[in-house]
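Thanks for making time this morning. I would like to walk you through one model, and I will ask you to keep the coordinates open while I talk.

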Amino acid sequence: MLSSTNAITPNGYIRFRDYLQKACGISLSDNKQYLVASRLGKVLERENFSKIEQLVDALERFGSSKLKEEVINAMTTNETLWFRDTHPFTILKNNVLPEMTAAPLKIWSAASSTGQEPYSISMVIEEFKSTRPGVLKAGEKIVATDICTNILQHAKQGEYDSLAIARGLGVDLQKRYFDKVNDSTWKIKPHLSSRVDFRYLNLIDSFAMLGKFDVIFCRNVLIYFTVDLKLDILKRMHASLKPGGYLFLGGSEALSGLSDHFEIVQCHPGIVYKSKAV
């Protein structure tokens, strides 16, 4: 495998960084050469590229969609776990869902990775319905999107090994909402997976085809974008929310300059952002 010293030249790194930002919005800092080398080493070696400039040349040529998809898959971070940070899901169950029992419920999980977030949301809906018999009769739908095609395929299968299933998921929920495939594999039950629709989406592209949502989870992904692109995405997410809809962000993310679009709702612990009319 090629190392950063002989493949990731200073000029080549700048070119690749610019390409990646234009292609999917991911913004790399000045000192991520090692990351590019480790994640793209196999691609460079297979394509017999001695310098990353050759890879960028190939990506910029017409008809390079398969290579582009492979590079984006390799550069995408897919760290996740069940009920990540806990309080957003508690807020969803105790504060948000009680307001949304009449009309059909529609939730968007942006950057859904291997499926833990949308399936966690589906479990929350199931728990909520079990304590409120007769609610949400109009139905529920979770749209789960990601830019990584390999990860989407994994998420659609809904199967997880013992290590993945244990990350943030209690034994009681594991037994209640998963079927054991074999000694090391668990599969989410059909009534939970059936309400989740996984789709490919690049967040720099239009959201119009997704329709309107009651709730959007966009957690731990905006940190990879520039300030301007982050603002653009958040404005378009506001436009994708129904009046009074809710937006969940990651623990290290916050709205800046959008006080006229969202109001902060303190939930102790945690916060959620409620859409305002603009």
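I will take the sheet, then a pair of helices, and then one loop residue.

Please bear in mind throughout that what you are looking at is a predicted model.

Let me begin with the sheet, which is open, has seven strands in the order β6-β2-β1-β7-β8-β10-β9, and shows mixed pairing. At its edges stand β6, residues 196-200, and β9, residues 262-266, and because each has a single partner strand, one side of each is left without a neighbour in the sheet. If we ignore direction, neighbouring strands here are turned against each other by 25 degrees on average.

Staying at the β6 edge, strand β2, which spans residues 140-146, runs parallel to β6 and is joined to it by five bridges; in this pairing D146 stands opposite Y200 of β6. Helix α8, residues 149-157, packs on the sheet there, touching both β2 and β6, and its direction makes about 165 degrees with that of β6.

Another helix to look at is α12, residues 227-240, which lies across β1, β7, β8, β9 and β10 and runs at about 135 degrees to β8.

Now to the helix pair: how do α4 and α5 cross? The axes of α4, residues 52-60, and α5, residues 65-75, come within 8 Å and cross at roughly 130 degrees, and the two helices are therefore oblique to each other. The crossing is left-handed. On the α4 side the contact is made by L55, A58 and L59, and on the α5 side by L67, K68 and V71, a set that divides into five nonpolar residues, no polar ones and one charged.

Within α5, the buried residues are L67, V71, I72, N73 and M75. What do they pack against? The buried residues of α5 pack against α2, α3, α4 and α8, and α8 is the helix we have just met touching β2 and β6.

Finally, I would like to turn to D260, which sits in the loop between β8 and β9. Is D260 buried or partly exposed? With a relative accessible area of 43%, D260 is partly exposed, since that value lies between the 20% limit for buried and the 50% limit for exposed. Leaving out residues up to four places away in sequence, D260 touches K276, A277 and V278. D260 and S275, for their part, are 15 residues apart in sequence and 9.1 Å apart in space, taken from C-alpha to C-alpha.

Conventions
Residues are numbered from 1 along each chain as its sequence is written. This is a predicted model: local features need pLDDT of at least 70, side-chain atom pairs count only at pLDDT 80 or more; totals for chains, interfaces and linings use all residues. Side-chain values use heavy atoms; hydrogens and water are left out. Two strands pair if DSSP finds at least two bridges between them. Helices (H or I, at least four residues) and strands (E, at least two) are DSSP runs, numbered from the N terminus. Axes are lines fitted to C-alpha atoms, for helices over the stretch in contact, and angles run from 0 to 180 degrees between N-to-C directions. Contact means heavy atoms within 4.5 Å. Angles under 35 degrees count as roughly parallel, over 145 as roughly antiparallel, 65 to 115 as roughly perpendicular and the rest as oblique. A crossing is left-handed if the near helix is turned anticlockwise from the far one by less than a right angle, and right-handed if clockwise. Ala, Val, Leu, Ile, Met, Phe, Trp, Tyr, Cys and Pro count as nonpolar, Asp, Glu, Lys and Arg as charged, and the others, Gly among them, as polar. Buried means under 20% relative accessible area, exposed over 50%, partly exposed in between (1.4 Å probe, protein chains only).
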